[in-house]
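The following paragraphs lead through the helices, aromatic pairs, cavities and one pocket of a protein model. The sequence and the structure are shown first.

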Amino acid sequence: MFAAPISIPSPPPEWKQLHIPYGEWLHAIFPAVDASLSLRITTYAIVIIVGIFAAVLLTNRRLTRRGAEPWIIVDVGIWAVVLGIIGARLYHVATHPDDYFGPGHENWWNPFVSGSIWAIWEGGGAIFGALIFGALGVWIGCRITGLRFWTVADAIAPTLLVAQAFGRLGNWFNQELFGLPTDLPWGLEIDRPNAAIPEGIPDDVLFHPTFLYEILWNLAGFVLIILVTEKITRVPGKLLPLLTRRDNWQWGKVLGLYLVWYGVGRSWFESIRLDPSETFLGIRSNVWAALGAILLGLIIIAVQSRRHPGVEPDAYQPGRRPESAAAVDSEDTYSDSDEPGDGASEVTEAAATSGSTRTK
């Protein structure tokens with residue numbers, strides 16, 4: 001008979017970093033090289049990179065289906081990732097001021113001192129800051145490449161849930177951001193001592209695995225958003241189905257749906273977390289941020305549904321489309337005008353770009 005687990009173990013502390021003794025390898029070939037040289041990469045950084053890579057792959061597929069050039073998302077993504085990292089750190093510092101300012105933190109500004117506001121490599125980043133500054137990065141990238149911001153935002157939105165699911169694995173490796181004590185059979189084991197565990201809690205107490213809850217919630221959200229916003233058609237002889245965007249889920253409304261889904265889940269996960277956090281009116285700051293995400297998502301869906309009841313005319317801004325095969329290969333249709341209702345007939349993107357030159 002299958003026996004339910006009595007707990008979820010946490011990885012041993014040595015799994016938090018990957019140790020690459022490249023000095024030893026080089027010393028065997030070049031004796032003059034110092035054998036003690038080594039490179040240490042945190043596991044958290046590795047899973048974040050894997051998550052970003054997965055999101056880029058998925059977004060590239062979604063964006064090229066809308067008529068954009070293949071891999072142009074990389075040009076946009078560089079801005080989004082860099083500013084997202086900066087925003088994640090700034091938001092974390094702003095919501096945890098006691099960890100960086102005041103007595104004992106006189107060198108908070110010095111990047112060469114442990115515990116400075118710049119030392120994101122020591123841990124401390126917030127997804128809401130990454131979303132805010134990452135959106136700014138997407139806007140800058142779209143201004144440079146000529147892509148429409150809402151088109152790119154809709155292509156990225158569900159893939160963020162996949163990237164965030166990978167990121168939560170990093171919390172498991174770091175044994176951090178876990179939930180309240182629980183006696184459920186899937187309770188999480190946490191090594192002691194741990195600064196997030198209040199005094200008086202026995203060493204055998206288990207905790208809610210909030211990392212696992214959010215992974216499952218994010219992956220379920222990715223599937224749900226695809227089911228809601230895409231038409232799924234089975235193609236005989238092909239393993240994967242054909243996905244075609246639904247006309248009523250454009251102009252940023254997929255982004256709005258993402259914000260609502262993630263905000264609902266995060267508001268609950270955040271409310272059962274045990275780690276200290278700034279509060280306002282007795283509610284954790286990240287719960288307020290999650291509620292704000294829900295509200296913003298609903299506003300985007302409502303406003304854009306009213307302003308743009310038709311389909312997006314193109315993945316590019318007017319006059320910014322490059323001569324590319326991507327335009328011809330798009331499977332979507334669009335009208336000649338940004339705004340529907342002006343009597344313009346719908347034409348295919350291939351017809352609209354019939355004079356373009358295909359590049360090899």
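A residue is called buried here if its relative accessible area is under 20%, exposed if that area is over 50%, and partly exposed in between. The model to which this cut-off is applied is a predicted one. Under this criterion Y262 is buried, because its relative accessible area is 2%.

Aromatic pairs offer a starting point. The count comes to 12 such pairs. In one of them, F128 and Y262 are tilted with respect to each other, with 55 degrees between the planes and 6.1 Å from centre to centre. This pair connects distant parts of the chain: F128 belongs to helix α4 (residues 127–145) and Y262 to helix α7, 134 residues apart. F128 has a relative accessibility of 7% and therefore also counts as buried. Another pair brings together W217 and F269; their planes stand at 80 degrees and their ring centres are 6.3 Å apart, so the arrangement is edge-to-face. Here too distant parts of the chain are linked, since W217 lies in helix α6 and F269 in helix α7, 52 residues apart. The two partners of this pair fall into separate accessibility classes: W217 is partly exposed because its relative accessibility is 23%, whereas F269, at 5%, is buried. Ring pairs also join W217 and F269 with Y213, W261 and W268 in a cluster.

Helix α6, which holds W217, can be examined along its length. It comprises 20 residues (210–229), and at 1.5 Å a residue these should span 28 Å; the C-alpha atoms at its ends are 28 Å apart, so expectation and model agree. The spacing of side chains along such an element follows from its geometry. An α-helix has 3.6 residues a turn, so residues three or four places apart point the same way. The buried residues of α6 are T210, F211, Y213, E214, I215, N218, G221, F222, I225, I226 and T229. These buried residues pack against three helices and two strands, namely α2 (43–64), α5 (149–174) and α7 (253–271) together with β5 (230–233) and β6 (242–245).

Helix α7 also contains G263. With a relative accessible area of 0%, G263 is buried. Leaving aside residues up to four places away in sequence, G263 touches A290, A293 and I294. A separation of 29 residues in sequence divides G263 from G292, yet their C-alpha atoms lie 7.7 Å apart in space.

The contacts of G263 lead to helix α8. Its 23 residues (285–307) should span 33 Å at 1.5 Å a residue, and the distance of 32 Å between its end C-alpha atoms agrees with this. Its buried residues are S285, N286, V287, A289, A290, A293, I294, G297, I300, I301 and Q304. They pack against the helices α3 (72–95), α4, α5 and α7, and against the strands β7 (279–280) and β8 (283–284).

Where does the interior leave space unfilled? There are 2 cavities of 30 Å³ or more. About 50 Å³ lies in the largest cavity, which is lined by R168, N171, L177, T210, F211, E214, R266, F269, E270 and R273. At least two residues of this lining come from each of α5, α6 and α7. By class, the lining of the largest cavity holds 5 charged, 3 nonpolar and 2 polar residues.

The second largest cavity encloses about 40 Å³. Its lining consists of N171, W172, Q175, E176, L177, F178, L188, H208, P209, T210 and F211. Two or more of these residues are given by each of α5 and α6. The lining of this second cavity divides into 6 nonpolar, 4 polar and 1 charged residues.

Last comes an open site, the second largest pocket, with a volume of about 450 Å³. It is lined by 16 residues, of which R61, L240, P241, L242 and L243 are the closest to its centre. The elements α2, α6 and β6 each give two or more residues to this lining. The largest share comes from α6, with 4 residues. By class, the lining of the pocket has 10 nonpolar, 5 charged and 1 polar residues.

Notes. Residues are numbered from 1 along each chain as its sequence is written. This is a predicted model: local features need pLDDT of at least 70, side-chain atom pairs count only at pLDDT 80 or more; totals for chains, interfaces and linings use all residues. Side-chain values use heavy atoms; hydrogens and water are left out. The expected span of a helix is 1.5 Å times one less than its number of residues. Buried means under 20% relative accessible area, exposed over 50%, partly exposed in between (1.4 Å probe, protein chains only). Contact means heavy atoms within 4.5 Å. On a 1 Å grid over the protein atoms alone, a cavity is a set of points where a 1.4 Å probe fits but cannot get out, and a pocket is an open set with protein on both sides within 12 Å along at least five of seven lines; lining residues have an atom within 4 Å of a point. Grid points are joined across faces, edges and corners, and a volume is the space filled by probe spheres set on the points. Ala, Val, Leu, Ile, Met, Phe, Trp, Tyr, Cys and Pro count as nonpolar, Asp, Glu, Lys and Arg as charged, and the others, Gly among them, as polar. Rings of Phe, Tyr and Trp (its six-membered ring) pair if their centres lie within 6.5 Å; planes under 30 degrees apart count as stacked, over 60 as edge-to-face and the rest as tilted.
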